[in-house]
4 protein chains.
Amino acid sequence: MSVPKNAPLRGIVAYPITPFQEDGRVDLTLLRQLVERMVKAGVHGIAPLGSTGVLPYLSDEEREAVTEATVQQVAGRLPTLVGVSSLTTERTIHHARFAERAGSTAIMVLPMSYWKLTEEEIVRHIDRVAAAVSLPIAIYNNPATGGLDLSPEVIARLLEIPNVSMVKESTGDVNRMHRLVQLCGEEVAFYNGSNPLALAAFVAGARGWCTAAPQLAPELNIGLYEAVMRQDLVGARALFHRQLPLLRFMTAHGLPRVIAAGLTLLGIPVGPLRAPLLPLGDAQVEELRRLLDGLGGLKG
Amino acid sequence: MSVPKNAPLRGIVAYPITPFQEDGRVDLTLLRQLVERMVKAGVHGIAPLGSTGVLPYLSDEEREAVTEATVQQVAGRLPTLVGVSSLTTERTIHHARFAERAGSTAIMVLPMSYWKLTEEEIVRHIDRVAAAVSLPIAIYNNPATGGLDLSPEVIARLLEIPNVSMVKESTGDVNRMHRLVQLCGEEVAFYNGSNPLALAAFVAGARGWCTAAPQLAPELNIGLYEAVMRQDLVGARALFHRQLPLLRFMTAHGLPRVIAAGLTLLGIPVGPLRAPLLPLGDAQVEELRRLLDGLGGLKG
Amino acid sequence: MSVPKNAPLRGIVAYPITPFQEDGRVDLTLLRQLVERMVKAGVHGIAPLGSTGVLPYLSDEEREAVTEATVQQVAGRLPTLVGVSSLTTERTIHHARFAERAGSTAIMVLPMSYWKLTEEEIVRHIDRVAAAVSLPIAIYNNPATGGLDLSPEVIARLLEIPNVSMVKESTGDVNRMHRLVQLCGEEVAFYNGSNPLALAAFVAGARGWCTAAPQLAPELNIGLYEAVMRQDLVGARALFHRQLPLLRFMTAHGLPRVIAAGLTLLGIPVGPLRAPLLPLGDAQVEELRRLLDGLGGLKG
Amino acid sequence: MSVPKNAPLRGIVAYPITPFQEDGRVDLTLLRQLVERMVKAGVHGIAPLGSTGVLPYLSDEEREAVTEATVQQVAGRLPTLVGVSSLTTERTIHHARFAERAGSTAIMVLPMSYWKLTEEEIVRHIDRVAAAVSLPIAIYNNPATGGLDLSPEVIARLLEIPNVSMVKESTGDVNRMHRLVQLCGEEVAFYNGSNPLALAAFVAGARGWCTAAPQLAPELNIGLYEAVMRQDLVGARALFHRQLPLLRFMTAHGLPRVIAAGLTLLGIPVGPLRAPLLPLGDAQVEELRRLLDGLGGLKG
């Protein structure tokens, strides 16, 4: 970690959902609108094909179409971070190369589990993917979805691979972030992926917040980042508490379900989720409506 | 559960690995040999495309080829139980229908997680798959690989679907099995998928033991089942303790890794695993050699 | 473990509650009646001052009075196993010596936690207690109450201390028992302390079942043990399923609460629990009444 | 929570160990010196008989002596927070009343578990203790030592008891703190008891940090608090990272063990720990020496 690495993301890294048409096909037109909307709202990066974008539920062809549509829509105005994770190394390399050719700024890799991978298998997997492209790579740690928990020590080892320069931590444990800084130094580029941890993570030194929330409350997300940047702790805490009920709701009920319902409530109808995922139930939609109404003053 | 259901498996249900050639392609010839070997050894069922068969690491085409090769090789001598799980409902239905056309006796579905599924999503998923075929269906609960934990209460609910007639429980907690019997009655057809729990599960009333072990020690596996069937508790316990070190080793190091190494030690060379999986390390291979040598008397 | 050790307990080891008078003092008269009742019912050992006997909620003087009353009431008809656990080594030794002087057959020690103890601290603690008495000692592993989880490997190490000859395992995981046999040999004297695991534990080779249940359903508890002893697996399973709802209820709601309520329902009024413990709520008492009614045929 | 409550602690609340003489008796003289040293160093409160003070390992008489010695030594210069927790309600009330008579500013109660307490039992327990004194009460949540985990919802319920005005949260999960603020409002007086969470907790709005660390590095502890108070986020983060290795070491190896060893390294010899606790091993003492040496510049 002695050489500064190319970590081209900071601030609010926005995760679009992958919308579907009524016939079940990916709705690329709506995807482009959602991306455009967040770029216009002032976010600092766009990350298609994350958990929010239901990456593992898409076919190879769908993934490629989403990558191209997003990169073209962003058109260089912001950095893009494209998810390329697959269970096998071969498919991950395939998608990493596709993202590179499509013009992505960086790629994100979640070491996924069916069989629990050994540390050696994780390192070898990332190493082979990294060798296949020259893009900067973000490692993604999310045991709740990926099924593997990368300790700070393993992450530090992965960061020794030349073009692995970023880490997205989604365990929701701020101690992991402090430990990572201890291991890798203050310059380590880590990003928070646990929405309710946004304030603590920025204070711990996170470069960015990877979040689907800008589809529903971009001003609050961006405002929190800016308050921390100017060391306005009191202001940051107030902004954080304002959006925390929404962030907790998103975490409790699943990002694709909540964002799809929230966009519909905000007047942007979104089609069905991909089965087996089902839409939010009626009572939850009402709770979400109340949460969004409570934030209204900032969005009007 | 009032009507007896068609649960066409019992005893030792053997799970072949999916072997690969040096060039990474599935080795269908060796797969047929492994299946034949276990049929000859006297197992009571064959289950391709389980966790042992690295189902989620295979392409759709590979899965179909494995299904056909296995069903043809067994050729009706034993029941077959083909794994058809996919993350999406659409792909699961596709593979369920393929297995039915290929002549499988029954299919197994693991509700898999990237996003944690709600109970409603799980029920709807299984319901739609069940409606698409007329084969008997086994539900598979394995939170360690699938990422979802189906409570006995949820399993009982799934067993109300007409052609869902079997459950494979792999949590390794015998209390789950007793609870399931409480909820569904003594006639519920449940199978144990946790190797070190084999004795306790049979005593709890399991109809069968779903296991990859018959690739390495079929006599011991079958012997345990037979001892329990004749209520020879002392004999069953002795047979169980004899194979327990091997069963624990398999669980600790992962079935595909251990079975591939073990077959090679037994004189049946197996090619590489599919990346990111790596072969057992040298020290572990030596430990496995000692374990297999210790069982030698029964296999000679 | 090469020399056979003195492990003077087998079968159903019955745990009396510690009853209290309305004024909060220990009701030694009722305690003696409860002990007598279980001896008459045919249990194989009596164990005062267990978790059921709310050991940690009693003063030193109360513990001594309970020890004396129980040993005197049993009067050598059965072996007694007196709980002597305390947080500090000094107090544990005090109570171990008291139990020895009072005529207890054996003592039980639960390494308790406020601060998590290191393996070295656990071994030293037991070693010092064992050196202070010449009675046979049972180690008690119960992370749910004691806060420490002794692995089979640590238990095996403790069993090397000369007069440590027995283990009570209450994790509810039958794999621990099989592992212990692997480590210590078939002769290791282990006892099951998790009520819903009674059948699996006996099949795994447990010498006894440490349980408060004989205060409510002694015939069923004893019958299960006898069925396993005569290798009547089908009969054992039927007896087990018959009592399982009661055993699960006891585990779910806490032994002192359930046994006190159950005795009252059976016509033996028991006074208050020691605060902060509260009696079972009304709805739970009704559920318990139904469970006990359902067992009626065997007890009338 | 509508009326502002009396929460008389803020900043660095320092927890002295309970030192022992070679003969095993409490060393009240050294205790007074340790208290005086921390008062002089500028901490904002003194809390005897916490986990650090090995409260549960002391006899009633020892607890009373420690309470008196500490309150007398502080002599009103700072607020005192005396731990009064016991397993039974009766003993907790006894010590609460003793602390009140001895002149303590406030008391702390940890609902402790042997049997897991129901929510009703916890509330009743705290309610009865609170009714027995007129001092302000801090609830202490520490599942790792106390064995019970109080959810933010239960804590909010306890805070409705009139003289329960403070909460010490030791789960190490900053999300609990944010949730508590959501439930109780910004004015809720919560304190952090997890050393590695010190920065995140202050940023979340914690009034104070309950810690044994001022026995080893008071300037760093106080400096962190002051930096957060003046919204110097960059300075706070630097101070935090400087002390984090020590804080993590304390958490990993247990406060009484580490503080006793650390004081001895700093030239203040401390006698034995109370068995079963053992002193830090030699290798750990060396690691602690290096950690303390690394902090030297600030303490010389």
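**Group meeting talk: how the chains meet**

I would like to begin with a single pair of residues, because of the rule that a side-chain nitrogen of Arg within 4 Å of a carboxyl oxygen of Glu makes a salt bridge: B:Arg257 forms such a salt bridge with A:Glu121, and their closest N and O atoms are 2.7 Å apart. Please keep in mind throughout that what we are looking at is a predicted model.

Let me stay with chain A and chain B for a while. How many salt bridges are counted between chain A and chain B? The count is two, and the pair formed by B:Arg257 and A:Glu121 is a salt bridge of this kind. Across that interface there are also 19 residue pairs in polar contact, both residues of each pair being at pLDDT 80 or more. If you look for the elements on the chain A side, helix 4, which covers residues 119–132, helix 5, at 143–146, and helix 11 each supply at least two residues to the surface that touches chain B. Among the contributions to that side, the largest share comes from helix 4 of chain A, with five residues. Sorted by class, the side of chain A that touches chain B has 17 nonpolar, ten polar and seven charged residues.

As for the extent of this interface, 34 residues of chain A are in contact with 33 residues of chain B. The size of an interface is often given as the accessible area lost when the parts come together. For chain A and chain B, the buried area comes to about 2,800 Å², and carbon and sulfur atoms give 65% of it. Which residues of chain A lose the most area to chain B? They are A:Tyr114, A:Trp115 and A:Pro276, and together they account for 31% of what the chain A side buries.

A:Pro276 deserves a second look, since the peptide bond that leads to it from A:Ala275 is cis, with omega near 20°. You will find A:Pro276 in the loop between helix 11 and helix 12 of chain A, the latter running over 282–294. In chain D, the peptide bond from D:Ala275 to D:Pro276 is cis as well, with omega near 15°, and D:Pro276 is found in the loop between helix 11 (255–265) and helix 12 (282–294) of that chain.

While we are on the backbone of chain A, I would also point out A:Ala75, whose phi is near 55°, a positive value in a residue other than glycine. A:Ala75 sits in the loop between helix 2 (60–74) and strand 3 (81–83) of chain A.

Next, please turn to helix 11 of chain A and its neighbour in the sequence. Helix 10, residues 233–253, and helix 11, residues 255–265, pack at an angle of about 125°, with their axes 6 Å apart. That angle is why helix 10 of chain A counts as oblique to helix 11 of chain A. From helix 10, A:Phe249, A:Met250 and A:His253 meet A:Leu255, A:Arg257, A:Val258 and A:Ile259 from helix 11. The residues of this contact divide into five nonpolar, one polar and one charged.

Now for chain D and chain A, where the contact takes 27 residues from each of the two chains. The area buried between chain D and chain A is about 2,300 Å², with 55% given by carbon and sulfur atoms. Here the count of salt bridges is zero, while 14 residue pairs are in polar contact, both at pLDDT 80 or more. On the chain D side, helix 7 (174–184), helix 8 (198–204) and helix 10 (233–253) each supply at least two residues, and helix 10 of chain D brings the largest share, eight residues. That side divides into 15 nonpolar, seven polar and five charged residues.

Finally, which chains do not touch chain A or chain D? Chain A and chain C do not touch, their nearest C-alpha atoms being 21 Å apart, and no contact joins chain B and chain D, whose closest C-alpha atoms lie 21 Å apart.

How values were computed: Residues numbered from 1 in each chain as written. Chains lettered and ligands numbered in written order. Predicted model: local features only at pLDDT ≥ 70, side-chain atom pairs only at ≥ 80, totals over all residues. Heavy atoms only, no water. Axes fitted to C-alpha atoms, helices over the stretch in contact; angles between N-to-C directions. Helix = DSSP H or I, 4+ residues; strand = E, 2+ residues; numbered from the N terminus. Parallel < 35°, antiparallel > 145°, perpendicular 65-115°, else oblique. Contact = heavy atoms within 4.5 Å. Nonpolar A, V, L, I, M, F, W, Y, C, P; charged D, E, K, R; others polar. Buried area = accessible area lost by both parts, 1.4 Å probe. Polar contact = N/O pair within 3.5 Å; in protein donor to acceptor, adjacent residues only side chain to side chain.
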